[in-house]
Structure formats: C-alpha cells, structure tokens
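Please open the model in a viewer and keep the sequence panel at hand. The tour below proceeds by selection, with a note on what is to be found at each stop.

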Amino acid sequence: MYPSPNPNVRLFEITYWSDGFRVKGLLAEPIADGKYEGIIYLRGGIQHVGMVRPSRIAQFASQGFVVFAPYYRGNRGGEGKDEFGGDDRLDAMNAVDVLKQNPRCISSRIHLFAFSRGGIMALWTAILREDITSVVTWSGVSDVIFTYKERKDMRKMMKRVIGGTPNTNPDEYRRRNALSRISELNAPVLIIHGMQDEHVSIDQAKLLESALFENGKVYETRYFPNFMHYIPPAQNIQIVRNLCDWMRRQ
C-alpha cells in the first residue's frame, strides 16, 4: 500500500513484468464498493522529472475510475532503462493487462490518458492494442524529431538516451514516430493543448490532428489560447472532470 492524499481513494505501488523487466507503477482505486472503468495514466518527463504524483492519480480515481500509472522501466527502482518512447512503450502496453486483472476494473473499458512525453506512449499503445476504449493526450508529444528540434534544452538527454541526433541515428527516431502508423489507431482521440505551451508546442497537437484527419479517424480538439504547459488549478480541475465525462461517452 502507498500513502493516499485522498480519503476516498486507495493507493498501491505495483511491480509488474514488462518485456522481461520488473517495472513499477502506482495504482489508485476508489474505496467505495463497485466496478469502475479503467485509465492508464502515462506520465511525462523522464526519470525523476515529471514523475507520477500520487495526488494527480488520486484526482482521476476520485472521478470514478481505477487508475494505473506506470513509472516506465528504469525508474523508482524498476529494472531496465527509460528509452523515451523506444522499447519502454511496452511498459505502457503491458500496463493495460495489469489494469485488466484488477477485480474492481471493467476490463472492457480501458482508457489512455497521456501528459507531455506520455503522448507518444499513448499513441503507440493505442496503435499496438485493439482493446483501448479512448485516448486523451494533454500537451502531448506527437513527434520526437519535432521535440528534438524545438527543445534545445533536451537535446543532450535525447542524444544520450536515443543514441544520437535525428541526423546521426535517424532509424531510432523514426522508430519512435507513431504518426507514421496512425492509420492503425482505432480508438477515438481527444487532444487537449494550451496554445502558449513552450515545453510542447501547439504544433505537436496540430501534427497529430492532421494525421488523424488524413486517416479518417474520430477525434476532438480542445485548444486553450491563454494556457501554457501547466494549466492553473481551478481550470485544471474542470478540464479533468470534462475529459473524464468524455471518456465515459465513448
């Protein structure tokens, strides 16, 4: 068990198998009896930056969901190395099976919620699995090459983790590009993005929107002209409520 910031939500830290590695994540479920739809919460950042926050996971669970947030391999004592959208995408895929095994979860109703870097993890999960009910990507990364170009402060990390630049190691960057296989994604998608975002630009949302449109996919967009990467608490709470309602309608 893990200390919960919400008296109505129970938290557990889970260790699960993924691609031969022991990977960790945080599970949240409402204390009230009943069965609930599930959310895989796909965090942003890498290593300690953007780590899963218990209060955030509990917030989603308090909306009436069982929520599982993988830390990704190589984080918080998990085996392997975080690859920023490489083989660690399997940690997101396998997290779906962890959630399906939870007796409180309605296994036929699993949604993906992604923030920032989690965007590429969610897209790959929805592409590679056929049992995803819906996808919400909030300030999500859609193209890692675009991230390399727009985030000069992240280039050193990306060269180290991915093994070079888009010019010196193009295959590894292409391997992370889910947009090239968006035709295989069948779940409805909700794109949420602040138009003043300086961490993940609105252009990333537009790239995803264009790919979904060109492939005839079902999607909605909610762009906020005055918001940045992190949205103020009051508006944030309302957006979470709205997106949870959207999930239930799918």
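## First stop: Thr-133

Begin by selecting Thr-133, which lies in the loop between H3 and E6; helices (H or I, at least four residues) and strands (E, at least two) are DSSP runs, numbered from the N terminus. The model is a predicted one, in which local features need pLDDT of at least 70 and side-chain atom pairs count only at pLDDT 80 or more, whereas totals for chains, interfaces and linings use all residues. Residues are numbered from 1 along each chain as its sequence is written, and side-chain values use heavy atoms, with hydrogens and water left out.

Is Thr-133 buried or exposed? Thr-133 counts as buried, at 12% relative accessibility; buried means under 20% relative accessible area, exposed over 50%, and partly exposed in between (1.4 Å probe, protein chains only). Not counting residues up to four places away in sequence, Thr-133 touches Ser-108, Arg-109, Ile-110, His-111, Ala-187, Pro-188 and Gln-250, where contact means heavy atoms within 4.5 Å.

## Strand E7 and its partners

Next, select strand E7 (residues 189-194), of whose 6 residues 6 are buried. Both faces are covered: Val-189, Ile-191 and His-193 are buried on one side, and Leu-190, Ile-192 and Gly-194 on the other.

Add strand E6 (residues 134-138), which runs parallel to E7 and is joined to it by 4 bridges; two strands pair if DSSP finds at least two bridges between them. Trp-138 has Ile-192 in E7 as its bridge partner. Then add strand E8 (residues 219-224), likewise parallel to E7 and joined to E7 by 6 bridges. Here Gly-194 stands opposite Phe-224.

## Over the crossover: helix H7

Extend the selection to helix H7 (residues 202-214), which with E7 and E8 makes a right-handed β-α-β unit. Right-handed here signifies that, with the strands pointing away from the viewer, the path from the first strand over the helix to the second runs clockwise.

H7 has 13 residues and reaches 18 Å from its first C-alpha to its last, close to the 18 Å expected at 1.5 Å a residue; the expected span is 1.5 Å times one less than the number of residues. Its buried residues are Ile-202, Gln-204, Ala-205, Leu-208, Glu-209, Ala-211 and Leu-212. The elements covering them include H3, E6, H4, E7 and E8. After H7 comes Gly-216, with a positive phi near 65°.

Go back to the loop between E7 and H7, and select Asp-197. Asp-197 counts as buried, at 5% relative accessibility. Beyond its neighbours within four places in sequence, Asp-197 is in contact with Ser-139, Phe-227, Met-228 and His-229. Asn-226 is 29 residues from Asp-197 in sequence, and their C-alpha atoms are 9.1 Å apart.

## Helix H5 and the nonpolar cores

Now select helix H5 (residues 155-163) and display the side chains of its buried residues, Met-157, Met-158, Val-161 and Ile-162. Seen down the axis of H5, these buried residues fall within an arc of 105°, so they line one face of the helix; the arc is that of the directions from the helix axis to the C-beta atoms. Lys-156 and Arg-160, on the other side of H5, are exposed. Helix H4 (144-150) and helix H6 (170-175) are among the elements that cover the buried residues of H5. Gly-164 follows H5 and has a positive phi, near 135°.

Which members of the largest nonpolar core touch the most other members? They are Ile-40, Phe-84 and Met-158, in a core of 52 residues; a nonpolar core is a set of buried Ala, Val, Leu, Ile, Met, Phe, Trp, Tyr and Cys residues joined through side-chain atoms within 4.5 Å. Helix H3 (residues 118-128) gives the most to this core, with 7 residues. Apart from this core lies another, of 30 residues, among them Val-136, Leu-243, Cys-244 and Met-247.

## Last stops: the hairpin and Ala-69

Select strands E1 (residues 9-18) and E2 (residues 21-30), which run antiparallel and are joined by 10 bridges. They form a hairpin with 2 residues between them, and Asp-19 in the turn has a positive phi of about 55°. Tyr-16 has Val-23 in E2 as its bridge partner.

Finish at Ala-69, in strand E4 (residues 65-70). Ala-69 is buried, with a relative accessible area of 0%. Leaving out residues up to four places away in sequence, Ala-69 touches Gly-25, Leu-26, Tyr-41, Val-52 and Ile-57.
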